[in-house]
Amino acid sequence: MLRSWAYYASAADDGWTAQQSKDVWSQVRFRPRVLRNVDGPLDLRTRIVGNESRLPFMISPAAMGKLAHSDGELCLVEGAGRVGIVYAPSNHCSVAHHDLAAAARPSQTLFFQLYVHRERWRSEKQLADANAMGFKAVIITVDVAVPGNRELDLRTGLDDNALTLGNEGAELGQKGTLAVATTAATIDASVTFDDIAWVKKASGGLPVLVKGIQCVEDALAAVAAGADGLVLSNHGGRQVNTATTPLEILLELRHHAPHLLSSTDKLTIIVDGGVRRGTDIVKALCLGAHAVSLARPFMYSLVYGPDGVEKVARVLEDEVVRAMKLLGVTSVGELGPQFVNTSRLDRL
Ligand code: FNR
């Protein structure tokens, strides 16, 4: 179990970016409004590339669910289904995608996360299959040209060969078992912005979110290349250490390309990384994100099965509701920059 925890908790080098991505949220201070009628239920709905979500957060892709629970990602599908949030299983999940799709409720929304495979035909097949299985969007993760330096894995002696993948392993006739290092080596480092159109076509026209956008230049390039959504993410601090935090990436977009944040219908902006509290979620929404996404809190909850996943989501929902009432709003649409003070981050 220590090794499983280490794989989930691990971050690049000494973990500065992973830690800072959590800590930085407290640098944004709320400006609560009082004497507003906040009695009654709140409207927490948001839209993520055209799909309605009951809550303004989703579950990020994270590999190897069976490290924590024998049913692996099936627990995440069930937990997400119970609370009505979007889940994007990892391309390197440990349960086959068709089993995850089959387990989903009819009304449930799953996104397909893609690492472009060096053998492109494999990705094309996966994308076509994802469409046929009912996945509603593709998240193409673009920040893993090479794997980050995960020293915690090394220190705890994570045994790569003990890790089980649901898809590639079976496909390659390896009885479902494939080393992480081998898997990472299948990721194509020659991918460019031009490939966004290829991904969209291969998926039969599903909306495409580009995950791993870390500066305004790449945000604009991804949109120009046809992205329907951007996931502002440093991969949970697991790739290049001392990379910018997701909150600061959002602020950079606000300053230099505010038009990207203005319309949910045209472009979805998701902030991913270091989100641990409902107050973090509400701050991201105030600053123009349409939703946030979390990985580790849900991966840690997996040891308790679907109940654990549901519990994490319910705690976050309660915290969002409480924060919104204390700010004086009753719907996500009312949140805006007037409710936050970001001056402590202006000098960054
Ligand atoms: C990840 N992440 C990730 N991202 C991705 O696109 N595909 C993947 O297979 C994985 N695998 C993965 C495994 C583990 C154990 C972790 C912790 C993370 C990154 C993930 O989607 C997300 O970007 C960050 O983890 C978000 O940060 P928090 O919420 O974990 O702080």
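## Exercises on a predicted model

Leu35 is exposed, with 6 other C-beta atoms within 10 Å. Keep in mind that this is a predicted model. That residue gets us going.

**Exercise 1.** Work out where Leu35 sits and what is unusual about its backbone.

*Solution.* Start with the location: Leu35 is in the loop between strand E1 (29-30) and strand E2 (46-48). Next, check the backbone: its phi is positive, about 55 degrees, although Leu35 is not a glycine. As a rule, most residues other than glycine have a negative phi. Now look for another case. Asp13 also has a positive phi, near 50 degrees, and is likewise not glycine. You'll find Asp13 in the loop between H1 and H2. With 15 other C-beta atoms within 10 Å, Asp13 counts as partly exposed.

**Exercise 2.** Take Trp121 and Ser123 in helix H5 and decide for each: buried or exposed?

*Solution.* First, place them: Trp121 lies in helix H5, which covers residues 120-133, and Ser123 lies in H5 too. Then count neighbours. Trp121 has 9 C-beta neighbours inside 10 Å, and the cut-off for exposed is 12 or fewer, so Trp121 is exposed. Ser123 has 24 other C-beta atoms within 10 Å, and buried starts at 20, so Ser123 is buried. Finally, see what lies around them. Leaving aside neighbours within four places in sequence, Ser123 contacts Leu114, Val116, His117 and Ala202. Ala202 turns up for Trp121 as well: their C-alpha atoms are 9.7 Å apart, with their positions 81 residues apart along the chain. For Ser123 and Asn91, 32 residues apart along the chain, the C-alpha separation is 10.0 Å.

**Exercise 3.** Describe how H14 packs with H3 and with H12.

*Solution.* Begin with H3 (residues 73-83) and H14 (residues 305-327): they pack at about 45 degrees, and their axes are 8 Å apart. That angle makes the pair oblique, because it falls outside the parallel, antiparallel and perpendicular ranges. The crossing of H3 with H14 is right-handed. On the H3 side the contact uses Cys75, Leu76, Glu78, Gly79, Ala80, Arg82 and Val83, while H14 brings Gly305, Pro306, Val309, Glu310, Ala313 and Arg314. Sorted by type, these contact residues are 7 nonpolar, 2 polar and 4 charged.

Now for H12. H12 and H14 pack at about 60 degrees, with axes 7 Å apart, and are therefore oblique to each other. This crossing is right-handed. Gly278, Thr279, Ile281 and Val282 of H12 meet Leu316, Glu319, Val320, Arg322, Ala323 and Met324 of H14. By type, the H12–H14 contact has 6 nonpolar, 2 polar and 2 charged residues.

**Exercise 4.** Find the buried residues of helix H11 and the elements they pack against.

*Solution.* Go along H11, residues 246-256: the buried ones are Pro246, Leu247, Glu248, Ile249, Leu250, Leu251 and Leu253. Then look outward. These buried residues pack against helices H2 (16-23), H10 (216-224), H12 (278-286) and H15 (343-346), plus strands E8 (229-233) and E9 (268-272).

**Exercise 5.** Which residues are closest to the ligand, and how many surround it?

*Solution.* Count the shell: 24 residues surround the ligand, and the closest are Ser60, Ser90, Thr141, Gly236 and Ala295. Helix H1 (2-9) and helix H13 (296-301) are the elements giving two or more residues to that shell. To finish, sort the shell by type: 9 nonpolar, 11 polar and 4 charged.

Definitions and conventions:
Residues are numbered from 1 along each chain as its sequence is written. This is a predicted model: local features need pLDDT of at least 70, side-chain atom pairs count only at pLDDT 80 or more; totals for chains, interfaces and linings use all residues. A residue is near a molecule or strand if its C-beta atom, placed from the backbone, lies within 6 Å of it. Helices (H or I, at least four residues) and strands (E, at least two) are DSSP runs, numbered from the N terminus. Ala, Val, Leu, Ile, Met, Phe, Trp, Tyr, Cys and Pro count as nonpolar, Asp, Glu, Lys and Arg as charged, and the others, Gly among them, as polar. Two residues are in contact if their C-beta atoms, placed from the backbone, lie within 7 Å. Axes are lines fitted to C-alpha atoms, for helices over the stretch in contact, and angles run from 0 to 180 degrees between N-to-C directions. Angles under 35 degrees count as roughly parallel, over 145 as roughly antiparallel, 65 to 115 as roughly perpendicular and the rest as oblique. A crossing is left-handed if the near helix is turned anticlockwise from the far one by less than a right angle, and right-handed if clockwise.
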